[in-house]
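Got your viewer ready? Load the model below and follow along, one selection at a time.

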Amino acid sequence: MKKNNTLAAITFNFSAFPLIFLVSIQSFEHKELSPPECRMKRWELPVSLVQTQSPTQQKTPPLIPIQSSPFLCCDKDRSCLDEQIWGENNQPADKKALLTAIDRSLSYLYKSEAAYQQYPVEGITRDRVIKSLKRFRELVVSTRSAAQLNAAVAREFVFYQSIGSDNKGSVLFTAYYEPVYAASRVPTAQYRYPIYRLPSDFDTWENPHPTRLELEGSDGLQGANGRLNSLELFWLRDRLEAYIMQIEGSARLQFPDGTQTTVGYAGSTAYQYKSIGRELANDGKLPLEGMTMPIILDYFHKHPDDLNIYIPRDPSFVFFKENYGTPAEGSIQVPLTAERSIATDKSLMPPGALALIHTTIPFVNKKGEMVQRTVSRYVLDQDTGGAIKGAGRVDYFLGTGKVAGDRAGITVSNGNLYYLLLKAQN
């Protein structure tokens with residue numbers, strides 16, 4: 001899961017904390033269609049559904065059931081179809097991966113009876129989520145095309161749309177990934193920057209917790225002189241890589257002898273994550289408009305001494321555990337599936353549930369170029385993150401390695417989020 005467990009913890013498995021902020025975001029503008037239910041921007045929550053409460057009534061719930069499928073308004077728009085199940089955008093079909101992600105959510109739900117005891121949205125229960133996942137799995141297996149699957153889903157499921165950040169369904173999408181870094185099991189002149197295991201007495205640490213600066217010093221090398229002494233897990237060559245691991249919440253490590261392991265989120269201090277990207281913008285080092293992870297990385301490669309200024313400004317600190325080669329896990333303690341797992345605010349959104357996202361994602365085309373495409377994806381809500389707060393945020397897991405990281409670093413777009421629950425008669 002992603003970093004910054006303090007805040008959501010759902011045992012947090014990060015949904016990666018994007019260092020990107022407010023890059024120009026593509027909005028979805030669609031022509032007006034003829035059916036009455038489509039005489040609004042497609043995919044946008046009908047205003048009538050969010051204005052039914054008076055100011056004195058309880059605030060709008062994070063998810064609202066809409067009366068009809070948004071597919072009715074697609075009008076031959078192929079971005080409404082999850083064609084990735086059968087293969088699209090220069091990527092192989094991933095039906096098997098989707099089925100695996102569904103099975104992982106079911107395994108979580110079967111053993112987590114308390115998961116929905118206090119869930120805030122009426123009508124969304126653990127039993128209904130389980131039945132919905134099982135039926136959707138049957139449809140994925142039996143249907144032969146994305147259009148056929150959408151038609152079956154529209155017949156049998158109710159769409160619960162996130163109200164978003166504006167009560168109109170607008171959701172900001174970012175992405176995260178599992179990085180792959182060179183590391184060492186022992187400190188050397190080359191491998192100097194440690195990551196740390198969770199202290200055995202962490203539950204007894206008094207608040208306020210020590211800040212990052214207090215724990216590891218401005219240069220990231222002073223942990224052995226304080227409370228982090230003897231907690232070193234592995235060592236990395238690059239301080240920025242060690243920090244990005246804390247942002248992403250997991251990593252795959254490659255050792256000089258050719259062996260590998262994986263590490264995942266174990267806990268974090270009780271501070272809100274502070275973006276070093278925004279700090280760079282505040283100091284006039286980089287423009288906020290158009291800022292992406294590659295731009296931030298390029299800045300620090302050119303100005304390495306500034307790492308000692310900006311990394312300590314993030315007071316939060318993440319601890320790791322060795323996972324011995326198992327894939328990155330989400331906050332619900334199941335392995336994440338590339339392009340089929342999302343992270344959301346678990347105080348609002350249903351853990352393990354089936355969802356549909358509609359947003360713009362970068363893909364690598366056959367020429368090796370990065371291109372932006374608007375797509376729909378059926379996904380499983382299996383993670384959370386300290387920076388993923390409110391009904392208007394989703395972090396999309398893109399997988400492991402450099403290409404996933406390159407794509408995640410420039411993913412930032414508005415879109416829509418729906419949860420799919422079987423209709424009552426089903």
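What follows is a short walk through a helix, some rings and a few backbone oddities. Keep in mind that this is a predicted model.

**Stop one: a helix with a hidden face.** Select helix α4, residues 146-156. Colour Ala146, Leu149, Asn150, Ala152, Val153 and Glu156, which are buried. Now look down the axis of α4: these buried residues fall within an arc of 165°, so they line one face of the helix. The background is simple: an α-helix has 3.6 residues a turn, so residues three or four places apart point the same way. To see what covers the buried residues of α4, show α3 (126-142), β2 (157-162), β12 (370-383) and β14 (412-422), which are among the covering elements.

**Stop two: rings.** There are 14 aromatic pairs to find in the structure. Try Tyr116 and Tyr119: the ring centres are 5.6 Å apart and the planes make an angle of 55°, so this pair counts as tilted. Both Tyr116 and Tyr119 are buried. Next, pick Phe317 and Phe319, whose ring centres lie 5.4 Å apart with planes at 65°; the cut-off for edge-to-face is over 60 degrees, so that is what this pair is. Phe317 is buried at 0% relative accessible area, and Phe319 is also buried, with 0% relative accessibility. Add Tyr196, Phe202 and Trp205 to the selection, and you have one aromatic cluster together with Phe317 and Phe319.

**Stop three: charges over rings.** Stay with Trp205 and bring in Arg227, which lies over the face of Trp205 at 4.1 Å from the ring centre. Then jump to Arg185: its charged end sits over the ring of Phe255, 4.0 Å from the centre.

**Stop four: backbone oddities.** Which peptide bond should you check between Asn207 and Pro208, cis or trans? The bond is cis, with omega near 0°. Pro208 belongs to the loop between β5 (193-196) and α5 (212-216). For context, most residues other than glycine have a negative phi, and most peptide bonds are trans. Asn167 has a positive phi, near 65°; look for this residue in the loop between β2 and β3 (171-178), where Asn167 is partly exposed at 30% relative accessibility. Ser230, in the loop between α5 and β6 (232-236), also has a positive phi, near 75°. Ser230 is exposed, at 55% relative accessibility.

**Last stop: a loop proline.** Select Pro70, in the loop between β1 (63-66) and α2 (95-110). Pro70 is buried, at 9% relative accessible area. Measure from its C-alpha to that of Cys80: 8.7 Å, for two residues 10 apart in sequence.

Terms used:
Residues are numbered from 1 along each chain as its sequence is written. This is a predicted model: local features need pLDDT of at least 70, side-chain atom pairs count only at pLDDT 80 or more; totals for chains, interfaces and linings use all residues. Side-chain values use heavy atoms; hydrogens and water are left out. Buried means under 20% relative accessible area, exposed over 50%, partly exposed in between (1.4 Å probe, protein chains only). Helices (H or I, at least four residues) and strands (E, at least two) are DSSP runs, numbered from the N terminus. The arc is that of the directions from the helix axis to the C-beta atoms. Contact means heavy atoms within 4.5 Å. Rings of Phe, Tyr and Trp (its six-membered ring) pair if their centres lie within 6.5 Å; planes under 30 degrees apart count as stacked, over 60 as edge-to-face and the rest as tilted. A charge sits over a ring if NZ of Lys or CZ of Arg is within 6 Å of the ring centre and within 35 degrees of the ring normal.
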